[in-house]
Amino acid sequence: MARKLRELTAIMAVLLLSLVFTACSHSQSSSTYDRVKQTNTITWGMRADTRLFSMMDVDSGKATGFEVDLARAITKQILGPKGKMKIGYISEKSRIMDLKIGNVDAVMATMTNTPDRRKIINFSDTYFMAGETLIVPKKSKLNSIKDFNNSKYSIAAVKGSTADSDVHKYAPKARVIFYDDYGSCYNALKAGKANAMVSDNAVLAGLISDDKDKFKMMPDTFTVEPYGIGIKKGEDKFTAEVNQALKVLRKNGTYACLMKKWFNGVPGFNIKSSSRLKASE
């Protein structure tokens, strides 16, 4: 009797595990498109420290910026006027992993569409055309990336960015010092721990917007940085929906209005150039 009971218990355990694995498999096979449609919600991976793009307001606890407004418009375009948008805050280092493991449905975080990244995630069409450059103290005599080709000069950069390889193409002897986020890089520059900070022109413009009397941005960019929305690899249906939404928002004028809202009058910034879909336009 005891033996039969043990056998029955073992069989039930196997069946239970089978049901669990089946449920997990079913959950994992659910596409991003199906999930956002069922929940009527898109969860966006965004930064909390990128002024003009996605910046956390300390008083309200909410993020504001171009990417926040654009993500909201895309959400409504895909899901309708009652569609809901959530924000999952991410870092430059974690954003691709957060996307791959399903913490977020899409990443809009000043992320450049590169060949290496396209191997591991999907990208939408370009929604912003940026370019890397440097900010330096106002009194600095260093005027271009090539001026930094000396080991005595250090440049602050964000971990997880492409800045290291980009800088060394033009200034192979420069020292690149990595920090966790934009704020830490900027603070290092302010404290004199670095001679410059490297990032995309629009990001840097946001950082120095309140310190234009102390820092300057070099006018020339040395890379082309097409920002794309990151989506989990293989989620082609959801990617197509995002691209269609972007096309509609460009056509109906919403995109142009948001660009003007956030970047009109920003020193050294060209809205027409940054609105391009391709670098050659």
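# A guided reading of the predicted fold

Of the 281 residues in the protein, buried ones make up 47%. The model is a predicted one, and in it the chain forms 11 helices and 13 strands. Among the contacts with a separation of 6 or more, 71% are between residues 24 or more positions apart. The two sheets make a convenient starting point, and the helices can then be placed against them.

One open sheet is built from five strands in the order β5-β1-β6-β13-β7, and its pairing is mixed. Strands β5 (84-89) and β7 stand at the edges with a single partner strand each, so one side of each is left without a neighbour in the sheet. The partner of β7 (residues 121-130) is β13 (residues 225-232), and these two strands pair in the antiparallel sense over seven bridges. Two residue pairs help to locate this pairing in the model: Ile-121 has Lys-232 of β13 as its bridge partner, while Ala-130 stands opposite Glu-225 in β13. Is β7, as an edge strand, enclosed by the rest of the structure or left open? Nine of its 10 residues are buried, so β7 is largely enclosed by the rest of the structure.

Part of the surroundings of β7 can be found by turning to helix α10 (residues 254-263), in which Tyr-255, Leu-258, Met-259 and Phe-263 are buried. These four residues cover an arc of only 100° around the axis, which puts them on the same side of α10. The spacing reflects a general property of the α-helix, which has 3.6 residues a turn, so that residues three or four places apart point the same way. On the face of α10 turned away from that buried side lie the exposed residues Cys-257, Lys-260 and Lys-261. The cover over the buried residues of α10 includes strand β7 together with the helices α3 (66-79), α8 (201-207), α9 (236-251) and α11 (271-274). After α10 comes Gly-265, which has a positive phi, near 85°.

Of these covering elements, α3 can be followed in some detail. Two packed helices are described by the angle between their axes and the distance between the axes. For α3 and α10, the axes come within 10 Å and cross at roughly 160°. Because an angle over 145 degrees counts as roughly antiparallel, that crossing makes α3 roughly antiparallel to α10. The crossing of these two helices is right-handed. On the side of α3, the residues that take part are Phe-66, Asp-69, Leu-70 and Ala-73, and they meet Thr-254, Tyr-255, Leu-258, Met-259, Lys-261, Trp-262 and Phe-263 in α10. The buried residues Tyr-255, Leu-258, Met-259 and Phe-263 of α10 are thus named again among those that meet α3.

The other sheet described here is also open and has five strands, in the order β10-β9-β11-β8-β12, again with mixed pairing. Its edge strands are β10 and β12 (215-217), each of which pairs on one side only. From one strand to the next, the twist averages 30°. Strands β9 and β10 run parallel and are joined by five bridges, with Ile-177 in β10 as the bridge partner of Ala-156. Helix α6 packs on this sheet, touching β8, β9, β10 and β11, and its direction makes about 165° with that of β10. Helix α7 (residues 182-190) packs on the sheet as well, where it touches β8, β9, β10, β11 and β12, and its direction makes about 150° with that of β11.

Within this sheet, β11 has pairings of both senses. Strands β8 and β11 run antiparallel and are joined by four bridges, with Glu-132 standing opposite Asp-200 in β11. With β9, by contrast, β11 pairs in the parallel sense over two bridges, and here Ile-155 stands opposite Ala-196 in β11. Five of the five residues of β11 are buried, so this strand is largely enclosed by the rest of the structure.

A last step returns to α6 (residues 163-170), where Ala-163, Asp-166 and Val-167 are buried. They cover an arc of only 95° around the axis, which puts them on the same side of α6. What covers these buried residues includes β8 (132-137), β9 (154-158), β10 (175-179) and β11 (196-200), and also β13, a strand that belongs to the sheet with the order β5-β1-β6-β13-β7.

Notes. Residues are numbered from 1 along each chain as its sequence is written. This is a predicted model: local features need pLDDT of at least 70, side-chain atom pairs count only at pLDDT 80 or more; totals for chains, interfaces and linings use all residues. Side-chain values use heavy atoms; hydrogens and water are left out. Buried means under 20% relative accessible area, exposed over 50%, partly exposed in between (1.4 Å probe, protein chains only). Two strands pair if DSSP finds at least two bridges between them. The arc is that of the directions from the helix axis to the C-beta atoms. Contact means heavy atoms within 4.5 Å. Axes are lines fitted to C-alpha atoms, for helices over the stretch in contact, and angles run from 0 to 180 degrees between N-to-C directions. Angles under 35 degrees count as roughly parallel, over 145 as roughly antiparallel, 65 to 115 as roughly perpendicular and the rest as oblique. A crossing is left-handed if the near helix is turned anticlockwise from the far one by less than a right angle, and right-handed if clockwise.
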